[in-house]
Amino acid sequence: MELGIRSPVHATLFHHFSNSLLFPARLTLLNTTSSSFMATHLHVSSEEFDPSPSLAIGQHDLLIVGPGILGRLVAHNWRQEYSGCQVFGQTATTNHHRELTEIGINPSLKWTKASLKFPYVIFCAPPYQSSDYLGDLRLAASCWNGEGALLFTSSSAPYDCNDNGLCHEDSPVVPTGRSPRTDVLLKAEKIVLEFGGSVLRLSGLYKVDKGAHAYWLEKGIVESRPDHILNLIHYEDAASLSVAILKKQFRGRIFLGCDNHPLSRQEVMDLVYKSGKFSKKFEKFTAGTDDPLGKRLNNSRTRQEVGWEPKYSSFAHFLETI
């Protein structure tokens, strides 16, 4: 199959990306039919839900704050694990409520503002969508009833390494005050840990039409050094890892999500070119050697403790499957 970019790139930073360069872009599969997962047991209207305190919450019901790409995959996996459970989605706007109801997620702007308590809560919302991110996170954490699990999907950005060195779950983090971006993530993590929840630091999220490779294909020429190491995890694997952590009901833990196959920027784009599956052609990276390097992430401890392995063992493996 050949892939071609059909629409302009959206240069909005997604907070799970580890390198400040993994911007979402849109590509379209050519000569193929995209699949979607649909709810089979829940049929609801697209109107705004009233988060009534009298709503019955079951022992496996899940609240997803920020049901975007990752959150929707989490919902899909969760319903497969717990047939008949309810999945609730807290959104910043009503723009996508109709499509959320169509895939079995009960959407509302107000779940965390009601007096409801949920056994499982996952916070997937990025900071740029909120004027009070930490307040929103604290509110979501307060909706957890303490029985199942609370999980915050953070980023691997806070790890204090910029020389392509090795990092794992317990590696040192950036000191407070160095970067507003890492400051807000570390403060957010602290809130969740204080509530007894856990943190999943995700590396660069991607799928066929989003991620660093898609952004660089759209740009063609990128002013970044080619030997900078980045770390990747497919959206599907990030979702399956999130669900596995929730099911284990960990308390106060920090986990790391990556595929354990770090690549330089140049290696990523070489793999894209060699795959022959993209119609766009990347030209080159142009920056010199003065820019900072990246980090090499390894999450072997997370895999062992959670009992998880990725579907896509590497970016190269993923390219072989499309």
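This short talk goes through the predicted model of one chain, from its overall make-up to its sheet, helices and loops.

Before the details, a word on conventions: the model is predicted, so local features need pLDDT of at least 70 and side-chain atom pairs count only at pLDDT 80 or more, while totals for chains, interfaces and linings use all residues. Residues are numbered from 1 along each chain as its sequence is written, and side-chain values use heavy atoms, with hydrogens and water left out.

Let me start with the whole chain. There are 9 helices and 17 strands, where helices (H or I, at least four residues) and strands (E, at least two) are DSSP runs numbered from the N terminus. Of the 322 residues, 54% count as buried; buried here means under 20% relative accessible area, exposed means over 50%, and partly exposed lies in between, with a 1.4 Å probe and protein chains only. If we take the contacts between residues at least 6 apart in sequence, 82% of them join residues at least 24 apart, a contact being heavy atoms within 4.5 Å.

Now to the sheet. It is open and consists of 7 strands in the order 5-4-3-6-7-9-14, with parallel pairing; two strands pair if DSSP finds at least two bridges between them. Which strands stand at the edges? They are strand 5 (106–108) and strand 14 (254–257), each of which has a single partner strand, so one side of each is left without a neighbour in the sheet. On average, and with direction ignored, neighbouring strands of this sheet are turned by 20° against each other; the axes behind such angles are lines fitted to C-alpha atoms, for helices over the stretch in contact, and angles otherwise run from 0 to 180 degrees between N-to-C directions.

Within that sheet, I would look at strand 3 (residues 62–65), where L62 and I64 on one side and L63 and V65 on the other are all buried, so that both faces are covered. Strand 3 runs parallel to strand 4 (residues 87–90) and is joined to it by 4 bridges, and L62 has V87 as its bridge partner in strand 4.

Strand 9 (residues 198–202) gives a second example. With 5 of its 5 residues buried, strand 9 is largely enclosed by the rest of the structure; S198, L200 and L202 point one way, and V199 and R201 point the other way. Strand 9 pairs with strand 7 in the parallel sense over 5 bridges, with S154 partnered by R201, and it is also joined to strand 14 by 4 bridges, again running parallel, with L200 partnered by F255.

Turning to the helices, helix 1 lies across strand 3, strand 4, strand 6 (118–123), strand 7 (144–155) and strand 9, and runs at about 170° to strand 3. Its 13 residues (69–81) should span 18 Å at 1.5 Å a residue, and the end C-alpha atoms are 19 Å apart, which agrees; the expected span is 1.5 Å times one less than the number of residues. The buried residues of helix 1 include L70, L73, V74 and W78. Helix 4 (residues 180–194), for its part, lies across strand 7, strand 9 and strand 14, at about 165° to strand 7.

Two packed helices are described by the angle between their axes and the distance between the axes. For helix 5 (residues 212–219) and helix 7 (residues 265–275), the axes come within 10 Å and cross at roughly 80°. That makes helix 5 roughly perpendicular to helix 7, on a scale where angles under 35 degrees count as roughly parallel, over 145 as roughly antiparallel, 65 to 115 as roughly perpendicular and the rest as oblique. In this contact, H213, W216 and L217 of helix 5 meet R265, V268, M269 and V272 of helix 7.

Finally, the loops. N164, in the loop between strand 7 and strand 8 (165–167), has a positive phi of about 65° although it is not a glycine, and N164 is buried, with a relative accessible area of 14%. N260, in the loop between strand 14 and strand 15 (263–264), likewise has a positive phi, near 65°. How far apart in space are S156 and L256, which are 100 residues apart in sequence? Their C-alpha atoms are 7.4 Å apart, and S156 counts as buried at 0% relative accessibility.
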